[in-house]
Amino acid sequence: MNTIFSEDHALHHGKYELIDGQLVSPFENPSRLDHIIARVRETGLGAVIEPLDFGTAPIKRVHSEAFVEFLRTAHAEWREEHGDCDALPLCWPSRTLRHVLPETIDGKLSYYSFDAGTPITAGTWQAITASVNVALTGAEQIRAGQRAVFSLCRPPGHHASADLLGGYCFFNNAAIAAQSFRDAGATKVAILDVDYHHGNGTQAIFYDRSDVLFVSLHGHPAQEFPFFLGYSEETGAGEGEGFNVNFPMRWGTGWPEYSQSLDTALDHLREFSPDTVVISLGVDTFEKDPISQFKLKSEDYLQIGARIANLDLPTLFVMEGGYAVAEIGINAVNVLTGFEQA
Ligand code: Q9C
Ligand code: ZN
């Protein structure tokens with residue numbers, strides 16, 4: 001299996017994360033990919049290939065033009081006001097407030113975000129466009145006949161919706177890849193999201209559509225980030241009714257319960273019978289993940305890959321979360337070797 005990878009991911013490197021009342025070094029940092037790419041090479045998974053440049057047109061099929069332009073200039077505007085530090089919002093249009101676009105960079109940052117955990121740094125634009133190109137290059141290789149490709153994206157994407165960043169995500173790499181399959185002629189695309197957190201951005205992007213099925217396994221939003229989306233009663237709207245399927249699970253969930261949900265999720269994919277599958281691959285379901293509360297073990301990821309392989313469909317793996325850095329390479333690549341050995 002080929003891996004698509006760009007060194008440009010390292011240009012996005014926030015200085016701080018405010019978590020549990022403490023200012024710490026960000027969990028979503030470049031060392032994550034150092035470990036994954038090292039494991040890809042060590043296991044001989046396949047070739048490691050640099051992405052092609054697809055420009056912003058495929059991004060704008062999913063994200064609003066205004067949001068894309070905001071991200072392009074956000075750090076330069078921030079730097080003019082505040083100097084060369086991370087751009088972070090601290091105020092949002094919640095409940096009684098109005099969703100009106102402000103003029104200043106601080107206001108715009110608040111308008112286009114939903115949390116304070118997603119800093120924009122000097123290199124963020126270059127890293128997020130490279131991350132999209134990694135996803136789109138993988139998609140192109142699938143269209144050219146590869147059975148499976150690993151798009152080693154960073155920053156991750158599944159929390160980002162059409163005009164909202166958050167949860168370490170800016171552009172929704174998996175959604176942009178899925179849309180690229182549709183635009184290249186695929187009739188039906190399924191996205192299976194196995195990241196620990198609900199893929200609220202991906203759900204929102206495709207919620208009223210029947211051509212892209214979204215199925216997600218994740219920590220229950222009553223307990224876990226992103227808190228305000230991801231319940232099982234969210235089944236789609238209008239044309240999209242029945243094409244959104246959520247499997248929220250409680251803190252402490254281990255392989256026995258997780259694998260049952262996974263099998264039911266895969267049955268939904270089989271019934272949909274897509275041309276192509278996109279996997280939002282997070283390994284923050286791991287027992288030692290520092291910000292998550294599931295109990296999966298390294299060997300379980302082999303099983304996840306094997307069960308996905310049993311769908312017998314062209315499969316694009318798009319990297320999302322996973323913060324247990326010492327084991328992230330083993331866990332992510334276990335999914336891929338489990339897939340290949342099935
Ligand atoms: N107490 C991804 O995995 N903050 N994003 C969590 C936990 C945000 C995770 C706080 C987590 C975002 C792609
Ligand atoms: Zn996650």
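In the predicted model, helix H8 (residues 255–272) lies across four strands, namely S6 (189–193), S7 (212–219), S8 and S9 (276–281). The helix runs at about 175 degrees to S7.

The strands crossed by H8 belong to an open sheet of eight strands, ordered S4-S1-S5-S10-S9-S6-S7-S8 with parallel pairing. The edges are formed by S4 (48–49) and S8 (244–249); each has a single partner strand, so one side of each is left without a neighbour in the sheet. Elsewhere in the sheet, S1 (residues 2–4) pairs with S5 (residues 148–151) in the parallel sense over three bridges. Within these two strands, Ile4 stands opposite Ser151 of S5.

A zinc ion (ligand 2) is coordinated by OD atoms of Asp195, listed twice, by ND1 of His197 and by OD of Asp284, at 1.9 to 2.7 Å. The spacing of the donor residues in sequence is D-x1-H-x86-D. His197 and Asp284 link distant parts of the chain, being 87 residues apart. His197 is located in the loop between S6 and helix H7 (200–206), whereas Asp284 is located in the loop between S9 and helix H9 (300–309). With buried defined as under 20% relative accessible area, His197 counts as buried because its relative accessibility is 6%. Asp284 is likewise buried, with a relative accessible area of 0%.

Methods
Residues are numbered from 1 along each chain as its sequence is written. Chains are lettered from A and ligands numbered from 1 in the order in which they are written. This is a predicted model: local features need pLDDT of at least 70, side-chain atom pairs count only at pLDDT 80 or more; totals for chains, interfaces and linings use all residues. Side-chain values use heavy atoms; hydrogens and water are left out. Two strands pair if DSSP finds at least two bridges between them. Contact means heavy atoms within 4.5 Å. Axes are lines fitted to C-alpha atoms, for helices over the stretch in contact, and angles run from 0 to 180 degrees between N-to-C directions. Donors are N, O and S atoms within 2.8 Å of the metal (3.2 Å for Na, K and Ca); water is not among the atoms, so sites may look incomplete. Buried means under 20% relative accessible area, exposed over 50%, partly exposed in between (1.4 Å probe, protein chains only).
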